[in-house]
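Okay, thanks for making time, everyone. I'll put the sequence and the structure up, and then we'll walk through a few spots together.

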Amino acid sequence: MNIGLCLCGGGAKGAYQAGVIKALYDRGINKFNIISGTSIGAINGYFIFTNNVEKLEEMWIDIDANIEHTVKIVDNTVDNSPLIEVLSDISYKSTRNIDFYVNYVNIENNLAKEKIVNISKLSKEEGLKSIKYSSLLPFNPQGTMGLHNQFMKDLSKGLYNGYNLDGGLVNNTL
């Protein structure tokens, strides 16, 4: 039987996803043929892809110790490098051939285009870069509107041209 796992975006959903993943593994459901992830789902999916579910559990249980909780804005985005550093530190020990798709949004000429990549076809560095993009939220510190409306305004003004941003901006459930 082929089993796939779809991990949507939404930061708070990440802890819930980790709990469900742990429960599945505890019950012997751990042989996924394909994984898709957006934003926090891409981050969680990387732990499964690399066969490091115990590290996923550790990260979420010890989130206060593992992740710096001060929000930094870098180049009009919410800095996600602490989470990417956690991923880069885990060992790659996959023994199965699993397709792992993530999405992100590429901004060119004031237009957002969804990009979908299969991490299993990339080097570790390129895969982590795609996960970084998939979970990189736009944030304009001078903005006066909610996230969506401010992003649309900033997009039309060219603020994010050349950026790769959170896949959930166009498709939260890849």
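So, to start us off: in which hand does α1 pass α3? The crossing is left-handed. Before I go on, keep in mind that what you see is a predicted model.

Let's stay with that helix pair for a moment. Two packed helices get described by how far apart their axes are and by the angle between those axes. For α1 and α3, the axes come within 10 Å, and they cross at roughly 140°. That angle makes α1 oblique to α3. The cut-off matters here, because an angle has to be over 145 degrees to count as roughly antiparallel.

Now compare a second pair, α2 and α6. Helix α2 covers residues 40–49, and its axis comes within 7 Å of the α6 axis. They cross at roughly 150°, so α2 is roughly antiparallel to α6. And the hand? The crossing of α2 and α6 is left-handed.

Okay, on to charges. Opposite charges on side chains can pair when the charged atoms come close. How many salt bridges does the count come to? It comes to 3 salt bridges, and I'll take them one by one.

Go back to α1, which runs over residues 13–26. In that helix, Lys22 and Asp26 sit 4 residues apart, about one turn. Their side chains meet in a salt bridge, at 2.7 Å from N to O. Is Lys22 buried, partly exposed or exposed? Lys22 counts as partly exposed, because its relative accessibility is 25%.

Next, look at α3, residues 53–61. Here the partners are Glu58 and Lys55, and the closest N and O atoms are 3.9 Å apart. A salt bridge needs that separation to be within 4 Å, so this pair makes the cut. Glu58 and Lys55 are 3 residues apart in the helix, which again is about one helical turn. As for the surface, Glu58 has a relative accessible area of 39% and is partly exposed. Lys55 is partly exposed as well, with 35%.

The third pair takes us back to α6, residues 124–134. Lys129 and Glu126 form a salt bridge there, with the closest N and O atoms 3.3 Å apart. In sequence they're 3 residues apart, about one turn of α6. Lys129 has a relative accessibility of 36%, so it's partly exposed. Glu126 has a relative accessible area of 38% and is partly exposed too.

Now something without charge. Which residues form a nonpolar patch on the surface? Those are Val71, Ile73 and Phe139, and together they have about 270 Å² of accessible area. If you want to find Phe139 on the screen, go to the loop between α6 and α7, where α7 is 147–156. At 38% relative accessibility, Phe139 is partly exposed.

Let me turn to the backbone. Most residues other than glycine have a negative phi, and most peptide bonds are trans. Against that background, have a look at two asparagines. Asn76 has a positive phi, near 60°, and it lies in the loop between β3 (73–74) and β4 (77–78). Is Asn76 buried or exposed? Its relative accessible area is 19%, so Asn76 is buried, the cut-off being under 20%.

The other one is Asn110, where phi is also positive, near 65°. You'll find Asn110 in the loop between β5 (99–108) and β6 (111–118). At 29% relative accessibility, Asn110 counts as partly exposed.

Last bit: two distances, in case you're trying to get a feel for the layout. Ser88 is in helix α5, residues 81–89, and is partly exposed at 33%. How far apart are the C-alpha atoms of Ser88 and Thr70? They're separated by 20 Å, with their positions 18 residues apart along the chain.

Then there's Leu147, in helix α7, partly exposed with a relative accessibility of 47%. From Leu147 to Leu56 you go 91 residues in sequence, and 28 Å in space, C-alpha to C-alpha.

That's my tour. Please rotate the model yourselves and shout if you want to go back to any of these spots.

Conventions:
Residues are numbered from 1 along each chain as its sequence is written. This is a predicted model: local features need pLDDT of at least 70, side-chain atom pairs count only at pLDDT 80 or more; totals for chains, interfaces and linings use all residues. Side-chain values use heavy atoms; hydrogens and water are left out. Helices (H or I, at least four residues) and strands (E, at least two) are DSSP runs, numbered from the N terminus. Buried means under 20% relative accessible area, exposed over 50%, partly exposed in between (1.4 Å probe, protein chains only). Patches are made of residues with over 30% relative accessible area and no salt bridge: like charges are joined within 9 Å, nonpolar side chains (Val, Leu, Ile, Met, Phe, Trp, Tyr) within 5 Å. Accessible areas come from the Shrake-Rupley method with a 1.4 Å probe; for residues, only the protein chains shown count as cover. Axes are lines fitted to C-alpha atoms, for helices over the stretch in contact, and angles run from 0 to 180 degrees between N-to-C directions. Angles under 35 degrees count as roughly parallel, over 145 as roughly antiparallel, 65 to 115 as roughly perpendicular and the rest as oblique. A crossing is left-handed if the near helix is turned anticlockwise from the far one by less than a right angle, and right-handed if clockwise.
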